[in-house]
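Trainee: I would be grateful if we could work through this structure step by step. May I begin once it is in view?

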Amino acid sequence: MLYIKSTGHGIGALATTPADLPSLEGIATLEVPVRVDNPAVPKAIAPNTLVFDVGELVLASVETEFTDPIEIFDWRVVETKVANGLIERRLEQSLSGGVTATRMPAPADTTIEITVNRIGIIQQLEIEVRTATEQIATRKALFQTDPVKVTVPLVPTVQLTVLVEGYKPVIVPRK
Amino acid sequence: MADQPQRPGFKDGQPLAAADLDLVVNHARNRADRHERTLHTLGIALGLQLNTTDLPMSANGRTVITKTVTIAAGLALDGYGRQILIANDEPLRPEQFEDDVGGPIEIDHGIDGGTTTYPYPVLLTADDRDGPTPAFATGACGTSAGSTRTIEDYQVMIGRRGDHLTLGAQTPLGPGDAVDDGTPPFRVLLGFVRFHTGLRRFVERSYELDNVRPRRAGVRAGEVVTGGDRLLLRVGEREAPGQPALELAATSGGRLMFGPTLPDGTVNDMFSVSAEGNVVVRGTLDAHQTTGALRMRSGVVTDGLPLPLPAGVSEDDVSKGNVVLHAWVTPRFPDGGAASFSVSRCDVDRRRVVHCRLVRLSSNLNGTSVRMQIEQVAACNFFLVAIAVATSNHSGAAP
């Protein structure tokens, strides 16, 4: 399974007989699809593929009961450090409808506002804002209020993808 | 030029000279030396390990684990065919390090403290010397006095740094040569030690430096024969279960077996070949290096992921052209009800990354228009074959 290191979003999967993981040696970037939560957003272009530096991704072996690897796009990986510095990974289903991301009206249309609902008693969630080719901002949603609003200024006017830990990605249409 | 060997002969009434008796001794000795250096290769035959005992000491407020080094009793053959025997365990005195090295001692500044030397070789040489003079040695009818015994002794010395690299250049004696007073000492490597110049104690013992290790004595033979029904080659100074062993057995019409030894000294047959050519392998048979051998991997992969190599094939194999890869991918169509799908692309690039895009086609109720919608995510079935090739003229993956 391939997932985003910071937010845990599953963005690729491989089902095969138990063996070594595929090698990312010699690969600098990967262009992978994400399954967004609001594909019907006007001007959104699907599939929404994003380019990641390989260093932003983790390739790990996870046992699942999925019948189709595509199901991984609805799940995320939660990492827990256990004894001896090892990392234990478990899958949690990404939630829908808890995140909205909107571009502010002109002339402030280079600013987006992200609203995130709290998940349970979690204190903070990681946020990434990306264009199709790169990460442009990272934020934390700190739940002093519920929901919490996070503003990201100076974003480009192209289509953006907002990845919030625990939720399915959402798209901010281009200006 | 070497002389042919001579042996003494005696006749009744012949005056017996010391030279005659010397010839008796030397003939046997030279014959033994010739045997050792022609039918054996030089090195340690038994023992002679550098055993250590930890001795914690304090230097500049820090605890340093020093080593007391003892050379275990044992026997080595030098390049002249001489046996070098250490009859009893021999301590390696720390004072000997500075005595033997003499000149500037080279410190390894890569080690904390700046007081530990680089590894220096511990060398062993044969050292024949006269024994003690007998109490009643002078005789009225003899002209010579002095020792009538030669002690076949040895010397242990700390060599200079880098001496281990020159040991292979020592010239063994030819088949007809004999050791004489002008023959230089032949050095046999026992190991390496590091020395702490502050504490004046050894602090490390090792057995390898610059890929040079103490040599083990060997056998020079074109034929090895047994009168029994079993010939065994085993690795291990003292016999113990689990040592890798190769056995040639006359049982069952003749068989070659390899595996670990069992407590009863027999070989646990993990791999064997019968005299009829039947092969039995109890482990995994790796045909990796066989030209034309195939290794396969199949499964399902989502768009954007690199394909994994078949088990037993490494990235190095691919980059060196030891294998050629062939990949097949076919799209997996999602459960779309009445929808049809068009394949936008389904292929594998040179990085072995899969690209799979699908377009969902749906028509309106009366079929007058078709709506196209690109699927957000797609996956494909893959089948990857690696074929071992004979040469390395291929340039990596060829999906």
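**Strand pairing, the chain contact and a helix**

Mentor: In S18(B), A:Thr16 has B:Gly299 as its bridge partner. This is a predicted model, where local features need pLDDT of at least 70 and side-chain atom pairs count only at pLDDT 80 or more, while totals for chains, interfaces and linings use all residues. Residues are numbered from 1 along each chain as its sequence is written, and chains are lettered from A and ligands numbered from 1 in the order in which they are written.

Trainee: In which sense do S3(A) and strand S18 of chain B pair?

Mentor: Two strands pair if DSSP finds at least two bridges between them; strands (E, at least two residues) and helices (H or I, at least four) are DSSP runs, numbered from the N terminus. S3(A) and S18 (residues 294-302) of chain B have 3 bridges, and the sense is antiparallel.

Trainee: Which strand gives the most to the side of chain A that touches chain B?

Mentor: Two residues are in contact if their C-beta atoms, placed from the backbone, lie within 7 Å. The contact takes 28 residues from chain A and 22 residues from chain B. On the side of chain A, the elements that give two or more residues are strand S3 (14-16) and strand S4 (29-34). With 4 residues, the one that gives the most is S4(A).

Trainee: Which strands stand at the edges of the open sheet in chain A?

Mentor: The order of its 3 strands is S2-S1-S6, with antiparallel pairing. Each edge strand has a single partner strand, so one side of each is left without a neighbour in the sheet; these strands are S2 (10-12) and S6 (57-59) of chain A.

Trainee: What is the bridge partner of A:Ile4 in S6(A)?

Mentor: Strand S1 (residues 2-4) of chain A pairs with S6(A) in the antiparallel sense over 3 bridges. In S6(A), the partner of A:Ile4 is A:Leu57.

Trainee: Why are the buried residues of H1(B) on the same side?

Mentor: A residue is buried if 20 or more other C-beta atoms lie within 10 Å of its own, exposed if 12 or fewer, and partly exposed in between, with C-beta atoms placed from the backbone. The buried residues of H1(B) are B:Asp33, B:Glu36 and B:Arg37. They are on the same side because the arc they cover around the axis, taken from the directions from the helix axis to the C-beta atoms, is only 80°.

Trainee: Which exposed residues does the face of H1(B) turned away from its buried side carry?

Mentor: The buried residues of H1(B) pack against strands S1 (40-41), S5 (74-77) and S6 (83-86) of chain B. The face turned away from the buried side carries the exposed residues B:Ala28, B:His35 and B:Leu39.
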